[in-house]
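Colleague: Could you take me through one part of this model in some detail? I would enjoy a close look rather than a quick tour.

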Amino acid sequence: MSPQTPSAQPAGTSGARPAARHGWLQALAAVLAGLVLMVVVAALGLWASGATDLPDNAYPRVVAATLVTAVGGTVEFTGDAGAIAETKAGLTVVPLSVTLAGALVLGAGFLRPLRHRAVAGAAELAGWAGRLGVLWLLALVGLALAARQNFTVDLGNGTIGAIGDLFGATPEVGFKAAMAPTLVFGVLWLAGVFVIALLVSRGAPLPARLLRFQESVRPAAYAMVVLLLACVGLGVVIGLVVAATRGHPAETFAVMLLGLPNVVWLAFTIGLGATWNGRVDGPFGLPMPHVLDEVLRTPDVSELNLGSLADYDGRIWWLVVVDAVLLVGAAFLMAARSPARTRVWQHALHMAVALALTVLMICLLGRISANYGLSILGLGDIGGGLKGELFLKPQVWGALGLAVLWGLVTGFLGALLARGVRRGGEAGPPG
């Protein structure tokens with residue numbers, strides 16, 4: 001007679017009726033659901049941006065490359081321009097709309113069989129996560145193999161085109177997913193999703209040794225996730241209004257389906273007072289709002305912050321008000337989910353740490369870098385638009401310092417507002 005594991009029978013019963021919730025079929029369903037949603041979001045976004053017109057039936061491969069970058073994988077650009085020519089290209093950007101869609105579904109799939117449990121062993125959690133990880137790894141291999149394509153560059157009818165015809169130069173550029181980095185970072189991304197899901201969920205079980213940390217960590221983690229999703233929700237509303245009133249709905253929906261969190265989380269940090277450095281050159285451009293592109297399209301590196309944006313549009317100061325309301329609401333939510341014995345200064349400290357980590361995540365994921373260039377006999381971009389550059393990166397330490405300050409103030413205010421409604425929380429009764 002073999003012993004039963006905790007996952008082999010329902011919690012709180014001693015009967016023999018199994019509750020097979022950690023099997024391979026459940027893992028396959030969770031992985032497929034996340035993967036399908038990511039494919040749908042990426043495909044619709046690329047369709048709205050006109051990617052279906054790419055030559056050589058490259059659209060499906062571009063979709064695969066988008067998924068690779070969405071989970072932290074690496075897509076390398078290749079070029080072959082012949083003996084007299086040189087090509088170069090690079091792109092670093094995470095399509096966070098696709099990332100967020102996959103994270104929400106995979107996180108929910110990971111938590112679903114763990115519901116209504118108080119405690120789970122580390123081995124049980126590792127085994128369930130391992131099944132999901134193995135299937136996810138196989139999916140990453142397929143995506144990396146599919147994400148590769150080459151294109152021929154049209155040199156046009158100008159000087160560059162004439163020189164290319166004379167010497168028989170037919171430049172080609174392409175992309176391919178780097179297998180090893182894609183697998184490593186893709187699995188790390190999935191592990192991060194599982195950890196955040198465990199931290200955020202009130203009903204998910206933790207190993208007994210970690211239960212003492214849930215009083216301080218889980219309310220703060222939940223508040224930060226709600227804060228980020230609230231920013232995305234506001235962005236959806238604004239995007240729909242822009243699509244309905246200002247024309248170009250396809251472009252707007254492309255941004256929403258591919259990079260809405262990139263835009264709204266950037267705006268959130270700017271509302272805190274953070275500064276981003278960047279430059280836009282050539283045919284590249286930032287999606288929306290258009291004022292970002294105007295500020296950065298200068299000969300030198302520009303600063304993107306409240307002051308520089310206000311020179312173009314004074315309404316940018318409303319970002320400060322929106323951020324203040326969102327942060328006080330998040331702090332209130334955090335305090336309401338915390339044990340009543342938690343002191344006000346502890347709420348402020350928890351909020352400061354959580355907000356600093358959230359802003360750090362935005363700074364790491366929100367970076368953008370894109371460049372390409374083509375030269376023949378040392379000549380490039382002679383009327384042909386054959387080069388361009390775009391980059392956007394944060395001043396990290398300044399952003400983190402402001403996040404700590406905002407967190408302390410709003411955490412204090414949120415704790416005061418929650419005094420009349422505070423509950424015991426998931427970690428214990430009110431003290």
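Over which ring does the charged end of Arg337 sit? After that, please stay with helix α1 and its surroundings.

Modeller: Happy to! Bear in mind that this is a predicted model. The ring you ask about belongs to Tyr222: the charged end of Arg337 sits over it, 3.7 Å from the ring centre.

Now to the helix. α1 covers residues 24–48, which makes 25 residues. From its first C-alpha to its last it reaches 36 Å, close to the 36 Å expected at 1.5 Å a residue. Just after the helix, Gly50 takes a positive phi of about 90°.

The buried residues of α1 are Ala27, Ala30, Val31, Gly34, Leu35, Met38, Val41, Ala42, Ala43, Gly45, Leu46 and Ala48. An α-helix has 3.6 residues a turn, so residues three or four places apart point the same way. Keep that in mind as you follow the buried positions along α1, for instance Ala27, Ala30 and Gly34. The cover over these buried residues includes α2 (59–70), α3 (96–111), α4 (122–146) and α8 (249–272).

For a view from one of those covering helices, try Thr66, which is placed in α2. Thr66 touches Ala42 and Leu46, and both of these are among the buried residues of α1. Other contacts of Thr66 include Pro95, Val98 and Leu258. Thr66 has a relative accessible area of 11%, so it counts as buried. The side chain of Thr66 also reaches the backbone oxygen of Val62, at 2.8 Å.

Another covering helix, α3, leads to the aromatic rings. Searching the whole structure gives two aromatic pairs. One of them joins Phe110 and Phe194, and this pair is stacked, with 4.3 Å centre to centre and 15° between the planes. Phe110 lies in α3 and Phe194 in α6 (residues 179–200), so the pair ties together parts that are 84 residues apart in sequence. Both rings belong to buried residues: the relative accessible area is 2% for Phe110 and 7% for Phe194.

One last stop is Leu402, in helix α13 (residues 396–417). Leu402 touches Leu272, Gly273 and Ala274, and α8, part of the cover of α1, runs over 249–272. With a relative accessible area of 26%, Leu402 is partly exposed. Leu402 and Leu355 are 47 residues apart in sequence, while their C-alpha atoms are 9.6 Å apart in space.

Methods. Residues numbered from 1 in each chain as written. Predicted model: local features only at pLDDT ≥ 70, side-chain atom pairs only at ≥ 80, totals over all residues. Heavy atoms only, no water. Helix = DSSP H or I, 4+ residues; strand = E, 2+ residues; numbered from the N terminus. Expected span 1.5 Å × (residues − 1). Buried < 20%, exposed > 50% of the residue type's maximum accessible area, 1.4 Å probe, protein only. Contact = heavy atoms within 4.5 Å. Phe/Tyr/Trp six-rings, centres within 6.5 Å; stacked < 30°, edge-to-face > 60°. Lys NZ or Arg CZ within 6 Å of the ring centre and 35° of its normal. Polar contact = N/O pair within 3.5 Å; in protein donor to acceptor, adjacent residues only side chain to side chain.
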